[in-house]
Structure formats: C-alpha cells, structure tokens
Amino acid sequence: MEENEEFATPNGSVSVEKIAERLDLKNFTADNDLKRHKVIISDVNRPALQLAGYFEHFEESRVQIIGNVEYTYAHLMDENEQRMRYENFLQFDIPCVIFCRNLAPGELFLEIAEKYDVPVLGTGRATSEFMAELIRLLGEELAPCITVHGVLVDVYGEGVMITGDSGIGKSEAALELIRRGHRLVTDDVVEIRRINEHTLVGTSPDVTRHFIELRGIGIIDVKTLYGVECVREKQQIDLVIQLEDWQKDADYDRLGLEDEYTEYLGVQIACHSLPIRPGRNLAVICETAAVNHRQKKMGYNAAQELYRRVQENMVRGGREPFE
C-alpha cells in the first residue's frame, strides 16, 4: 500500500445490539432484532418530562434511560393514564429504552413498546454510573474517524504513531519496540478517532489486529508469538514520528527549541521528522522521543534548559559552546 494517505470512514451510527453486548444489557423484547435499531447521537435522555406529557424539544434519537425517578412517577398513575403516557412517549422513533437498577418494565410498557417496535433493555447498574459509561461508549463509537497508514505502539505509556513511506522500516521498528517490552496497538493501518477536541485515540481494524507484516518473512501474530502483555486494543495518540530517507544536504533540526506539529481531524499532535540511515537504532530513538515528550508534558524541556545555560554563560562573558 501507499503510505501517508488518509481515508475518511463513516461513523454515523452504532447498533443497539452492539451497545447491549458491550454493556451486558438484558433484552426484555427478545423478538426485536436489535441489529436494525441504530443510535446516531452520543447524548442520552431521562424522559421524566415526557412521561409527564411535555414533548417540546424532545430529542427522540437519543437513548432513553429510565431510573428510579421516572419509574416511581409512572407507577403513581392509574392504568389508563399510564397507557396514554406510554403511547405518547413510545410512538416516537426511539432507538431503545434502558431500565437501570434492575427495574423491570411492566407488561403494559412492553406491550406498547412492541407495538411501536422500540427495544427495551435493562441493567442492574446505578443510573448515573451507567449513563456515564454509555455516553463514553457512544462518544467513542460515534467519534469522527479516519484511517492512516502507519504503526501505533504504546511506549512507556505514550502513544507513538510511526509513519513514513512504504518499506522505510516502520514495522521493523515496532517489532524491536515489542521485543523491548512495549505494546503494539496496530501495524500498517491506524484507525484514528477524535474523542474530544484535544484527544485522538488509535485502534486497529478487526481483520489485522495483532498482526505485523515483515517484508521477507511475511505475517506474524504478535499476540501469539510474544504474549498478550505485548498488545493492547487502543491507545491515545501523543506523538507522531515521521520516518524519512536521509538527505545529505537537508537542514535537520538539531536542538528542538520549537516543537513541530501535525494535524489529524483538527487536533494538533507533536511530530518529529526522523531521517533514516544505516546504523541508526530506531527503537532506541523512539523510546527516547517518547520519554522526552513525557518530560515536556511534565514541564521540563531539555532544549530550553540548554538554551538558558548558554544565555547565562554568554552574560558571564564565556564563549558560546557551539562556536
């Protein structure tokens, strides 16, 4: 494949079936095909106002969460009023309704839900805790996503994405990092999702997860070969290392006083351009870059410290060490 290309991928919906599997939800409407029902928005709604009859500004495309407040309020009504409220509520195109705290929907609610083809699910978890987990899951699944050719490795807890032309040595560098105790996220294809305006998370496509392609050897399974401790499912992207062929006449940055950045999905990520020539140990350089980046996040910049010392030396009348 050609490298350094980005491919936009659709991220418009997630099935209710996937949500039920990921969050271990009970399905009260077993005859309902959860695959057909899609969630397209990461926000959720607690329909207390709707059960009271107020539908102005009601966002029907959200997952509806029933907690103690909604449940006890509904059961204060007589059966006729309940039927009217449930009819008015469930006639909307709702992706699903989830009951928390092991609350069980009544027969009347299930009857009307089946009439309007609305899935009804349940969980034993506390309402606020479950809502936070559901919003996190939906935010991840529905996040804007692109696919980038490269390698993503967890190096000392920092997500290092290695990019560069085909055959330049990205997979070999990743393999050496794995042998040194770091963890592979994905090789060749990185699926990047923007979780929020400051955070990118990289994952692997299901088909290629845990595999590395080595030219001359073929495909290897890192999880099988080196163990489960050498792989992980996803990782926040903190640093990009761009591998490029060494150019004798090129002017490379030797001090790093000014940080360079690259942009994915509108998020700026620190980036280093690394010239490749025979004899350079890419794994050690990647480790050093990751640790140095962590130091910068903690407030220490070695290049700025050197610059400060040089300036102090010049003020004292000493000679500049780079002369």
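Buried means a relative accessible area under 20%, exposed means over 50%, and partly exposed lies in between, with a 1.4 Å probe and protein chains only. The structure is a predicted model, in which local features need pLDDT of at least 70 and side-chain atom pairs count only at pLDDT 80 or more, while totals for chains, interfaces and linings use all residues. Residues are numbered from 1 along each chain as its sequence is written, and side-chain values use heavy atoms, with hydrogens and water left out.

**Exercise 1. An aromatic pair between helices**

Task: Classify the pair formed by Y86 and F109, and state whether each residue is buried or exposed.

Solution.
Step 1. Rings of Phe, Tyr and Trp (its six-membered ring) pair if their centres lie within 6.5 Å; planes under 30 degrees apart count as stacked, over 60 as edge-to-face and the rest as tilted. The whole structure holds 7 aromatic pairs by this search.
Step 2. For F55 and F92 the centres are 5.3 Å apart and the planes make 20°, so this pair is stacked.
Step 3. F55 sits in the loop between α2 (48–51) and β6 (63–66), and F92 in the loop between α4 (79–90) and β7 (97–99), so the pair ties together parts that are 37 residues apart in sequence. Helices (H or I, at least four residues) and strands (E, at least two) are DSSP runs, numbered from the N terminus.
Step 4. F55 is partly exposed at 22% relative accessibility, and F92 is partly exposed at 23%.
Step 5. Y86 and F109 have 5.0 Å between centres and 80° between planes, which makes the pair edge-to-face.
Step 6. Y86 belongs to helix α4 and F109 to helix α5 (residues 107–115), 23 residues apart, and the pair links distant parts of the chain.
Step 7. Y86 has 6% relative accessibility and therefore counts as buried; F109 has 3% and is likewise buried.
Step 8. One aromatic cluster is formed by F55, F58, F89 and F92.

**Exercise 2. Salt bridges of R22**

Task: Which helices does R22 connect through its salt bridge with E140?

Solution.
Step 1. A salt bridge is a side-chain nitrogen of Lys or Arg within 4 Å of a carboxyl oxygen of Asp or Glu. The structure has 23 salt bridges.
Step 2. The closest N and O atoms of R22 and E140 are 3.9 Å apart.
Step 3. R22 lies in helix α1 (residues 16–23) and E140 in helix α6 (residues 127–141), so the pair ties together parts 118 residues apart in sequence.
Step 4. R22 is partly exposed at 40%, whereas E140 is buried at 15%.
Step 5. R22 also meets E141 in a salt bridge, at 2.8 Å from N to O. This pair again links distant parts of the chain, E141 in helix α6 and R22 in helix α1, 119 residues apart. E141 is buried, with a relative accessible area of 15%.
Step 6. Within helix α6, R136 and E140 are 4 residues apart, about one turn of the helix, and form a salt bridge with the closest N and O atoms 3.3 Å apart. R136 is partly exposed at 37%.
Step 7. A network of salt bridges links K18, R22, E133, R136, E140, E141 and K234.

**Exercise 3. The sheet and helix α7**

Task: Which strands stand at the edges of the 6-stranded open sheet, and where does α7 pack?

Solution.
Step 1. Two strands pair if DSSP finds at least two bridges between them. The strand order is β12-β10-β11-β18-β20-β19, with mixed pairing.
Step 2. β12 (183–186) and β19 (260–264) each have a single partner strand, so one side of each is left without a neighbour in the sheet.
Step 3. From one strand to the next the twist averages 35°. Axes are lines fitted to C-alpha atoms, for helices over the stretch in contact, and angles run from 0 to 180 degrees between N-to-C directions.
Step 4. Strands β18 (residues 239–245) and β20 (residues 267–276) pair in the parallel sense over 7 bridges. L243 stands opposite L274 in β20.
Step 5. Contact means heavy atoms within 4.5 Å. Helix α7 packs on the sheet, touching β10 (151–155), β11 (158–164), β12 and β18, and its direction makes about 25° with that of β10.
Step 6. S171 is in helix α7 (residues 170–179) and is buried at 12%. Leaving aside residues up to four places away in sequence, S171 touches V151, D187, I212, E213 and L214.
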